Amino acid sequence: PFIARYRKEATAVGTATPLDDVQITAIRDGYQKLLDLDKRREAILKIIAEQGKLTPDLRQRIEAADSLPDLEDLYLPYKQTRKTRAGTAIERGLEPLANALFAQTERDPEQAARRFITEAVPTVANALQGARDILAERVSDDPDARQRLRNLFEREAIMTATVKKSKADTPEAAKFRDYFAFAEPLRRVPSHRLLALRRGEAEGFLSVNIGPDDDAAIERLERQFLKPYSPAPASREQVTLAIRDGYKRLLKPAIETEFDHRSRQKADQEAIAIFADNLNTLLLSPPLGQQRVLAIDPGFRTGCKVVCLDAQGNLLTETVIYPALSESARQQAAQTLRQLVEKHRIQAIAIGNGTAGRETDAFVRDLNLQRNESAKAGETPAPVAISPVAVFMVSEQGASIYSASAVARDEFPDRDVTVRGAVSIGRRLMDPLAELVKIDPKSIGVGQYQHDVDQTALKARLDTVVERCVNGVGVSLNTASANLLQYVSGLGPQLARSIVAFRAENGPFVSRESLKKVPRLGPKAFEQCAGFLRIEGAANPLDTSAVHPERYDVVKKMAADAGATVADLIKKPELRQSIRPEQYVTRDVGLPTLRDILAELDKPGRDPRQSLTAIAFDDRIRSIADLYEGLVLNGVVTNVTAFGAFVDIGVKQDGLVHISQLADTFVKDPRQVVSVQQPVRVKVIEVDAARKRIALTMKL
């Protein structure tokens, strides 16, 4: 983020557009892969050299290899592995026989084999079998043969799945019924289907295989190793047997494993990319902002946990109401909410969308609560302003994970998990980004098969997304938690905790410059983080903006040349319009940075996120039993996958808009049409109450 935002001149070569943080991240990751490849190359060269087998030609081929599979193919014949049938045959002295057969000039293989009969090789059949074992391994280890087979797999491999008979009739296997007799070209299997197949395999319900037509594969190998006009057909037959054995026993399983890994990687990458896009959209959801919020974690029998938060998200009070128990309890709940709204001058209400969410939402809306903006005792009197309290449904996804986490225990050590959950719901409304960074992204529920993909790759990608979002929005230095600060460029968990501890001991930061007093926050960390941190109400107006402290002097010079102060420059657009950025270009500061500075002065510290709007569900529809085909409803997208989008229509069970139902035109990627948190209009096309499945369409 720092390079993308504050070092554009370093990435904008000539007239090229500066690189964004996604491109820079791709460069970093690609560079790391090259480093890993070179590290493996050096290890292979060292191992082969120690064996005394590193010829100049082999060294040249290894140094020219530009992919890991090519590198491993070259290393394979020299790899120290467990004992193989070929290795045993070589130890028994059968390699000369294998060489004679491979030359396909030996007219009588059985006669030749008799010369190799020993105590360890008692028969001609044993000798010929040992020779074929050597040739089979030689075929399997041949780099050209492996590449030929890779090419065939690439074009013609079929992925097949069958149900394991012992599990076919079990209830648990039913969810994999579509794959009980499955076959599809591997190159066409979409990521979500491949992940579903692998999950079925991992759970013991499916047998999954990958491979091309065996005869076609063997034919290619025979063309490579068999001499078309051999004068010794008997030797040729022995080589043919060795080729078939080498393919079925060694080569095919090895390439199948390789393509299984490659297909998994590709599926993982696609699933992780979808998850990352969804998370990015969710983290950048419109915030309510610093307003006083009453948050409700709904419930029936156990009641609704209610908390009130001030404009900074601090917990003011907590209670429980029971609007679903009886009429008297309902009236008492209404009175409690009215009192809380008045006492704490509540501006908005956040209601979790879980169990009893719709019922609680209807109950609260029926109260028609009004907010009173008149001054409290001791404050300067102001005209009385009464307006409706806005009510919002908020996703509870991951709130229970947060409420039981170490982060929540640190924040509220003496509070019940239900109180922590209600606080999280309220804070999510105020600032989704600041609250969601406290939760493991996998628990937010905006991906597909997130527990089946490479967890290391998933975490790295999601951490990058969080970092991008946090730095793109900017962070309030005096209110941000350590969980949020740790994602700021140049910081991390330790420095974030140091900043919070310093702030608690010394009071709010008055300037960015005062950050330098934080223990262990050195010059490089300050350079990286300062521009992304905001100080509301700072004496220097630039401290509230995204202008980096290293460029304050440039802004001061602009203001001086305009005959004004920096504050005037920010307030008066006519002054900014008179500035010609070309006049301030130096060796260190180019036009991209100067244009960014002027754009920031137009709206210093502006939150790039959109404004918040409430989604109104149909009050008549409360459960899946209320749905019927043809019903058109408001909804909000909760998750986007490769096969469609899930939409909350207010009945506790999300409906699915299949990719074929997203638009009247062909849709290759659902992300081109919808995104998480997007309001949509949908029509019900099928309801399966027994399996709790709702099919929707956006083709209205």
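This passage describes the overall form, the nonpolar cores and several individual residues of a predicted model.

Because the model is predicted, local features are reported where pLDDT is at least 70 and side-chain atom pairs are counted only at pLDDT 80 or more, whereas totals for chains, interfaces and linings use all residues. Residues are numbered from 1 along each chain as its sequence is written, and side-chain values use heavy atoms, with hydrogens and water left out.

The secondary structure of the chain comprises 27 helices and 17 strands; these elements are DSSP runs numbered from the N terminus, helices being H or I runs of at least four residues and strands being E runs of at least two. The C-alpha trace spans about 115 × 70 × 50 Å along its principal axes. The radius of gyration of the chain is 34 Å, against a value near 27 Å for a compact globule of 700 residues, where the radius is taken over C-alpha atoms and the globule rule is 2.2 Å times the number of residues to the power 0.38. Of the 700 residues, 47% count as buried, a term that stands for under 20% relative accessible area, with exposed meaning over 50% and partly exposed lying in between (1.4 Å probe, protein chains only). The accessible surface comes to about 35,400 Å², and carbon and sulfur atoms account for 50% of that area; the areas were computed by the Shrake-Rupley method with a 1.4 Å probe, and for residues only the protein chains shown count as cover.

Among contacts between residues at least 6 apart in sequence, 65% join residues at least 24 apart, a contact being defined as heavy atoms within 4.5 Å. The chain carries 99 positive and 94 negative side chains, and the centres of the two sets lie 1 Å apart. In this count Lys and Arg are positive and Asp and Glu negative, while His and the chain ends are not counted; each charge is placed at NZ of Lys, CZ of Arg, CG of Asp or CD of Glu.

The largest nonpolar core contains 147 residues, and within this core Leu515 and Leu627 touch the most other members. Such a core is a set of buried Ala, Val, Leu, Ile, Met, Phe, Trp, Tyr and Cys residues joined through side-chain atoms within 4.5 Å. Helix 13 (residues 233-283) supplies the largest share of the 147-residue core, with 15 residues. A second, separate core of 20 residues includes Ala333, Leu337, Val364 and Leu367. When neighbours within four places in sequence are set aside, the contacts of Leu627 are Ile621, Leu633, Ile649, Val651, Val684, Val687 and Ile694.

Leu251, a residue of helix 13, is buried, with a relative accessible area of 0%. Beyond four places in sequence, Leu251 is in contact with Val139, Ser140, Arg146, Leu149, Leu221 and Gly246. The first-named of these partners, Val139, is 112 residues from Leu251 in sequence, yet the two C-alpha atoms are 8.0 Å apart in space. Elsewhere, the buried residues of helix 5 (residues 68-75), namely Leu71, Asp73, Leu74 and Tyr75, pack against helix 3 (21-50), helix 4 (56-64), helix 9 (124-141) and helix 10 (143-156).

Thr641, in strand 13 (residues 632-641), is buried at 2% relative accessibility, and apart from residues up to four places away in sequence it touches Ile274, Gly447, Gln448, Phe646 and Pro670. Ala614 is found in the loop between helix 27 (591-602) and strand 13, where it counts as partly exposed at 46% relative accessibility. With residues up to four places away again left out, Ala614 touches Val391 and Phe392; Phe392 is 222 residues from Ala614 in sequence, with 5.8 Å between their C-alpha atoms.

Two residues other than glycine were also examined for their backbone angles. Ala356, which lies in the loop between strand 7 (348-352) and helix 15 (357-367), has a positive phi near 70° and is buried, with a relative accessible area of 1%. Lys652, in the loop between strand 14 (644-648) and strand 15 (655-658), likewise has a positive phi, near 75°, but counts as partly exposed at 47% relative accessibility.
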